[in-house]
Amino acid sequence: MSSPILPPFSLLLSRAHTVTVLFILTCVLVYVTLLEETPQDTTYNTKRGIVASILVFLCFGVTQAKDGPFTRPHPAYWRFWLCVSVVYELFLIFVLFQTVRDGRQFMKYIDPKLGVALPERDYGGNCLIYDPGNTTDPWHNIWDKMDGFVPAHFLGWYIKTLVIRDWWMCMIISVMFEFLEYSLEHQLPNFSECWWDHWIMDVLVCNGLGIYAGMKTLGWLSMKPYQWQGLWNIPTYKGKIKRMAFQFTPYSWVKFEWKPASNLRRWLAVLGIIFMFLLAELNTFYLKFVLWMPPEHYLVLLRLVFFVNVGGVAMREIYDFMDDPKFYRKLGQQAWLVAAITVTEFLIVVKYDPRTIMLPIPFFVTQCWFLGIVLILSWTLWLCNFSFMLPPSPHAGRDWVY
């Protein structure tokens, strides 16, 4: 008689976690129902009920949702952010269906300080790098620009480089966003910056150094050996600590080879990725403008933290879907949600402040964008006639690095 096949330890552990979470959740609900007296405060009860509903959904998702492409530091971590994506998209849909006044006043339920119109800060004005008229501090224009956004720009582009994994795409997005700021400064005064703030402090210093540091990190990750050993099999304490730190690095490494000129599908996919990146960047500024949120508010920071965690998974799923369509027959769940969130955020901006969006674009800006679109279409047609007709390279496609 053959012995029964035992399930792997990881599967037993996963089952134990699902039962444990269900047991703890049930105990909490029983306590609230039988032992806790419900306050006679409708607003408080409504807020607590919504938070409790979200927490129950997150508990279900963390234990039951489908795993994505990332497994480190733990698959449950990425399942959590997938469920947060669902909650955030539902929140955006709710805000989208409100009137402008009700939507802005609804933000008071999250923070009573919100719901009040805020002035936009103009970063332009006196653009002299060295101001001889100011005898106290001739370099005051530079020091005035050294606010919290400088390290934020560097860190943001460092993380974006880890997400995109391509120097050219990062530089294109960085430069294109500065052109967008030039083009839209008639809509948002926040986009009005000095020329050296655009091209020296942003593109060259903050963004450029962030991209450089990100590419160096990618080079280290691609050369790093991925041979994992169980924690309890490591004899030394130093080795155990090093192994625990490496738990927060990828399990294996995939080098992204976008190859936009290899075929029409990849070319259009790269254009779509750049477009969605730029749209998500613009949403950051327009959302806080139409919902009356100051730049330093914690909700603005939480949105950025959210995109940091979901962006890498979404980009990996997009790359898999684009690179191997025969195996990945549908777009990944996180990529689908990120695209839906980006579009919904933009629709909220359009609905809440159509007057700002429809402000006439200066004629010379329209000419520049018309020329850019013509060049992109011409390049696409040229690729269709020449590059896309060539047989695919035997080296094109996925480049796995372990």
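**Notebook: salt bridges, backbone and surface**

I looked first at charged pairs and found that K255, E257 and K259 are linked in a network of salt bridges; a salt bridge is a side-chain nitrogen of Lys or Arg within 4 Å of a carboxyl oxygen of Asp or Glu. I note that this is a predicted model, in which local features need pLDDT of at least 70 and side-chain atom pairs count only at pLDDT 80 or more, while totals for chains, interfaces and linings use all residues. Residues are numbered from 1 along each chain as its sequence is written, and side-chain values use heavy atoms, with hydrogens and water left out.

**Entry 1. Salt bridges**

I searched the whole structure and obtained nine salt bridges. Within the network, I recorded 3.7 Å between the closest N and O atoms of E257 and K255. K255 counts as partly exposed because its relative accessibility is 37%, where buried means under 20% relative accessible area, exposed over 50%, and partly exposed in between (1.4 Å probe, protein chains only).

I then examined E345 and R303, whose side chains meet in a salt bridge at 2.9 Å, N to O. This pair links distant parts of the chain, with E345 in helix α12 (residues 333-352) and R303 in helix α11, 42 residues apart. Helices (H or I, at least four residues) and strands (E, at least two) are DSSP runs, numbered from the N terminus. E345 counts as buried because its relative accessibility is 0%. R303 is buried too, since its relative accessible area is 11%.

I also noted the salt bridge of D102 with R101, in which the closest N and O atoms are 3.6 Å apart. Here D102 is partly exposed at 38% relative accessibility, and R101 is exposed with a relative accessible area of 61%.

**Entry 2. Backbone**

I asked which residue K259 of the network is in backbone terms: its phi is near 45°, a positive value in a residue other than glycine. K259 sits in the loop between β1 (253-255) and α10 (264-290), and it counts as partly exposed at 28% relative accessibility.

W292, also not a glycine, has a positive phi of about 60°. I located W292 in the loop between α10 and α11, and its relative accessible area of 22% makes it partly exposed.

I found a cis peptide bond between R72 and P73, with omega about 0°. P73 lies in the loop between α2 (42-64) and α3 (75-96).

I followed helix α11 (residues 298-323) along its 26 residues: it reaches 37 Å from first C-alpha to last, close to the 38 Å expected at 1.5 Å a residue. The expected span is 1.5 Å times one less than the number of residues. I recorded a bend of about 35° in α11 at V310, taken as the angle between axes fitted to the seven residues ending there and the seven starting there.

**Entry 3. Surface and whole chain**

I looked up a nonpolar surface patch, formed by F154, L155, F179, Y182, W195, I200, L204, V205, L209 and W369, with about 920 Å² of accessible area together. Patches are made of residues with over 30% relative accessible area and no salt bridge; like charges are joined within 9 Å, nonpolar side chains (Val, Leu, Ile, Met, Phe, Trp, Tyr) within 5 Å. Accessible areas come from the Shrake-Rupley method with a 1.4 Å probe; for residues, only the protein chains shown count as cover. The largest share of this patch, five residues, comes from α8.

I closed with the chain, which has 14 helices and two strands. Buried residues make up 37% of its 402 residues.
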